Amino acid sequence: MLPQGSVLSPVLFICFINDITAELPVGVIVSLFALWTQHEDRDEAEVLMQKALDVLQQWSDKWKLVINTDKTEVAYFSNDSKKAQYKPSLELHGVELGFNPTPKFLGITFD
């Protein structure tokens with residue numbers, strides 16, 4: 001065990017989660033703490049993201065890592081203002097994920 005705040009903790013955590021992307025579907029992009037996809041058909045994008053979340057769920061069950069669904073958000077972006085109102089319905093561990101039209105990622109607010 002490492003003490004909380006140890007400089008090795010982040011490095012070891014990254015090593016621990018290194019294989020998380022191995023089983024994700026083609027077309028899902030990963031940036032350590034975010035998953036996203038782009039597709040002309042929003043329904044196809046939603047199906048692809050749900051598949052990725054299912055893989056993430058299986059991975060977290062295998063390694064006994066709890067993912068906080070209260071802090072996990074869904075966002076949808078489109079150049080078409082009519083389509084931008086769409087709210088995908090995605091779930092993780094049987095919990096529907098909350099929608100946030102302006103999420104923050106690494107200190108940057110997307111809108």
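## Largest pocket

H2 contributes the most to the lining of the largest pocket, giving seven residues. The model described here is predicted. The volume of this largest pocket comes to about 1,600 Å³. Its lining is made up of 44 residues, and those closest to the centre of the pocket are Phe33, Ala34, Leu35, Trp36 and Glu73. Two or more lining residues are given by each of strand E2 (34-36), H2, E3 and strand E7 (104-105).

## Overall architecture

The protein chain contains two helices and eight strands. Read from the N terminus, the order of these elements is α-β-β-α-β-β-β-β-β-β. Along the principal axes, the C-alpha trace spans about 50 × 30 × 25 Å.

Of the 111 residues in the protein chain, 25% are buried. The chain exposes about 8,400 Å², and carbon and sulfur atoms account for 55% of that area. When contacts between residues at least 6 apart in sequence are considered, 50% of them join residues at least 24 apart.

## Leu56 in helix H2

Leu56 belongs to helix H2. Its relative accessibility is 15%, and Leu56 therefore counts as buried, the limit being under 20%. Apart from neighbours within four places in sequence, the contacts of Leu56 are Ile20, Leu35, Ile67 and Leu92. One of these, Leu35, is also among the residues closest to the centre of the largest pocket.

A further relation links Leu56 with Glu23: the two are 33 residues apart in sequence, and their C-alpha atoms are 8.6 Å apart in space.

## The loop between H2 and E3

Helix H2 (42-62) and strand E3 (73-74) are connected by a loop that holds Trp63. Thr69 is placed in the loop between H2 and E3 as well. Is each of these two residues buried, partly exposed or exposed? Thr69 counts as buried because its relative accessibility is 16%. Trp63 has a relative accessibility of 37% and so counts as partly exposed.

With neighbours within four places in sequence set aside, Thr69 is in contact with Leu92, Val95 and Leu97. Leu92 is also listed among the contacts of Leu56.

## Nonpolar surface patch and Asp19

Trp63 also takes part in a nonpolar patch on the surface, together with Phe13, Ile14, Phe16 and Phe33. The accessible area of these residues together is about 510 Å². Phe33 appears again in the largest pocket, as one of the residues closest to its centre.

Asp19 lies in the loop between helix H1 (8-16) and strand E1 (29-31). Asp19 counts as partly exposed because its relative accessibility is 32%. Beyond neighbours within four places in sequence, Asp19 is in contact with Trp59 and with the patch residue Trp63. Asp19 and Ala52 are 33 residues apart in sequence, with a C-alpha to C-alpha separation of 14 Å.

## Residues with positive phi

Two residues that are not glycine have a positive phi. For His93 the angle is about 55°, and for Leu106 it is about 50°. Where in the chain does His93 lie? His93 is in the loop between strand E4 (91-92) and strand E5 (95-96). Leu106 is in the loop between E7 and strand E8 (108-109).

What is the accessibility of each residue? His93 has a relative accessible area of 33% and is therefore partly exposed. Leu106 has a relative accessible area of 69%, so this residue is exposed.

Note on methods
Residues numbered from 1 in each chain as written. Predicted model: local features only at pLDDT ≥ 70, side-chain atom pairs only at ≥ 80, totals over all residues. Heavy atoms only, no water. Patch = residues over 30% accessible without salt bridge, like charges linked within 9 Å, V, L, I, M, F, W, Y side chains within 5 Å. Areas by Shrake-Rupley, 256 points an atom, 1.4 Å probe, with all protein chains shown as cover. Salt bridge = Lys/Arg side-chain N within 4 Å of Asp/Glu carboxyl O. Helix = DSSP H or I, 4+ residues; strand = E, 2+ residues; numbered from the N terminus. Buried < 20%, exposed > 50% of the residue type's maximum accessible area, 1.4 Å probe, protein only. Contact = heavy atoms within 4.5 Å. 1 Å grid on protein atoms, 1.4 Å probe; cavity = no way out; pocket = protein on both sides within 12 Å on 5 of 7 lines; lining within 4 Å. Points joined across faces, edges and corners; volume = space filled by probe spheres on them.
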